[in-house]
Amino acid sequence: MTCHAGFVYSEEFTTYRFRDDHPFNQMRVVMTKELLEAAGALSDKDIIAPRLATEEELSLAHSKKYIEAVKKAGQGLLTEDEGMEYGIGTEDTPIFKGMHKASQLLVGSTLSAIDAVMEGNVKHALNLGGGLHHGFERKASGFCIYNDGAVGIKYIREKYDAKVLYVDTDAHHGDGVQWAFYDDPNVCTFSIHETGRYLFPGTGNVNERGLKEGYGYSFNVPIDAFTEDESFLNVYESAFREIVDFFKPDVIVTQNGADAHHFDPLTHLCSTMKIYEAIPKLAHELAHEYCEGKWIALGGGGYDIWRVVPRAWAQIWKVMNDQTPFQGSLPVEWVQKWQKEAPVNLMETWHDPPGAFKPIPRREEITEKNKKVLAKALQLIHNQKKFNSM
């Protein structure tokens, strides 16, 4: 494989900011870019400048009334009652000045990544500013105002008439994207996430299979709280390989939330940096095997912005460029710069140090539960294959 990848980036990504103490903080994108630059893995020639999505493009996945409400909110003109109707002004998704334009840019950045790949300018594109997978047609949810993944996939369907496989490895279920394509047989969604028994948004059960013509094109593997690397990766690889072979997409879009890590403050999964090497490696391999390399990778969740997200997301870019994942020590200058800002001690190596986490006492039980959930999902995939071949 000879890969040429593009890195979508703008300093304006940081304008998407709810408040100083909000867990969603786009400084993690800045930190990742600077980490890659310090490691000698990213230069100006790799950067794709994003554009703003048009309102017509936003309306591919959002109602015009909702878009107008977001615009009014960002101008301070939306009443509290109107805000509640649209999920705006909540604890998760508070109002901030200019929120429409800031959100437009995140959607536009995903569209920029899509065009770069689909028009053949690059094999792969990475947009860490995107991946806001909880947004709905008429409602903000879970830190997400506009759903750039849903808009982007609709855009691919309209402009390029391509079949899309959407793969979501965020610890939270990719609900907004799933529901947007629940009746569409040309978009297959696959989400591996922590069970909704304990975690927002509470959806993503194995039996969420799609509707009408889209029945059989939605796949979920909810894994147990406290799942560790080996079980996570067994589920991910087994299901991903079966789904991509069943669906045979023209392009793969991945959402790469980095909140399944042991350090993440909002979730209960217990992975280490090992999964963030393996996740993009498999996506890269299968994109070349099935899609002539067409792969758009988005950001997503990730709330330990100091010790986890930059290390995890930097590995996606390394893999995209057909290179071995980073090993050894992080660049000293990067650690020294950001340690001055960080409220915790930064990691100094790409991998988590041995003994960094206490053993999980229910490991065997958790692993067995995940195997049973995976078996159910695989059976559904096999059944769908058989049905489609009849």
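Biologist: Just after H3, which residue takes a positive phi?
Modeller: Keep in mind that this is a predicted model. Look right past the end of H3, where the backbone has a phi of about 75°. The residue with that positive phi is Gly-76.

Biologist: And H3 itself, how wide is the arc its buried residues fall within?
Modeller: Helix H3 spans residues 64–74, and its buried residues are Tyr-66, Ile-67, Ala-69, Val-70, Ala-73 and Gly-74. Seen down the helix axis, they line one face of H3, because they fall within an arc of 160°.

Biologist: Which residues are exposed on the other side of H3?
Modeller: Buried here means under 20% relative accessible area, and exposed means over 50%. On the side of H3 away from the buried residues, two lysines are exposed: Lys-64 and Lys-65.

Biologist: What do the buried residues of H3 pack against?
Modeller: Tyr-66 and Val-70 are among the buried residues of H3. That buried set has two helices as packing partners: H2 (55–58) and H5.

Biologist: H5 turns up there, so to speak; at what angle does H5 cross H6?
Modeller: H5 covers residues 99–118 and H6 covers residues 148–160. Their crossing is right-handed. The two axes come within 9 Å, and the crossing angle is roughly 35°.

Biologist: How many nonpolar residues does the contact of H5 with H6 have?
Modeller: From H5, the contact includes Leu-106, Val-107 and Ile-114, while H6 brings Val-151, Tyr-155 and Ile-156, among others. By class there are two polar and three charged residues, and the nonpolar ones number nine.

Biologist: Which helix gives the most to the largest nonpolar core?
Modeller: That core has 126 residues, and Ile-88, Phe-240 and Ile-252 touch the most other members. As background, nonpolar side chains in soluble globular proteins tend to be buried together. The top giver here, with 11 residues, is H5.

Biologist: Leaving out residues up to four places away in sequence, what does Phe-240 touch?
Modeller: Phe-240 is one of the core residues that touch the most other members. With those sequence neighbours not counted, its contacts are Leu-165, Val-167, Phe-190, Ile-252, Leu-282, Ala-283 and Leu-286.

Biologist: Which helices do the buried residues of H11 pack against?
Modeller: In H11, residues 332–339, the buried ones are Trp-334, Val-335 and Trp-338. They line one face because, down the axis, they fall within an arc of 100°. Val-332 and Gln-336 are exposed on the other side of H11. The buried residues pack against H1 (27–38) and H10 (309–320).

Notes. Residues numbered from 1 in each chain as written. Predicted model: local features only at pLDDT ≥ 70, side-chain atom pairs only at ≥ 80, totals over all residues. Heavy atoms only, no water. Axes fitted to C-alpha atoms, helices over the stretch in contact; angles between N-to-C directions. Helix = DSSP H or I, 4+ residues; strand = E, 2+ residues; numbered from the N terminus. Left-handed = near helix turned anticlockwise from the far one by under 90°. Contact = heavy atoms within 4.5 Å. Nonpolar A, V, L, I, M, F, W, Y, C, P; charged D, E, K, R; others polar. Core = buried A, V, L, I, M, F, W, Y, C linked by side-chain atoms within 4.5 Å. Buried < 20%, exposed > 50% of the residue type's maximum accessible area, 1.4 Å probe, protein only. Arc of directions from axis to C-beta.
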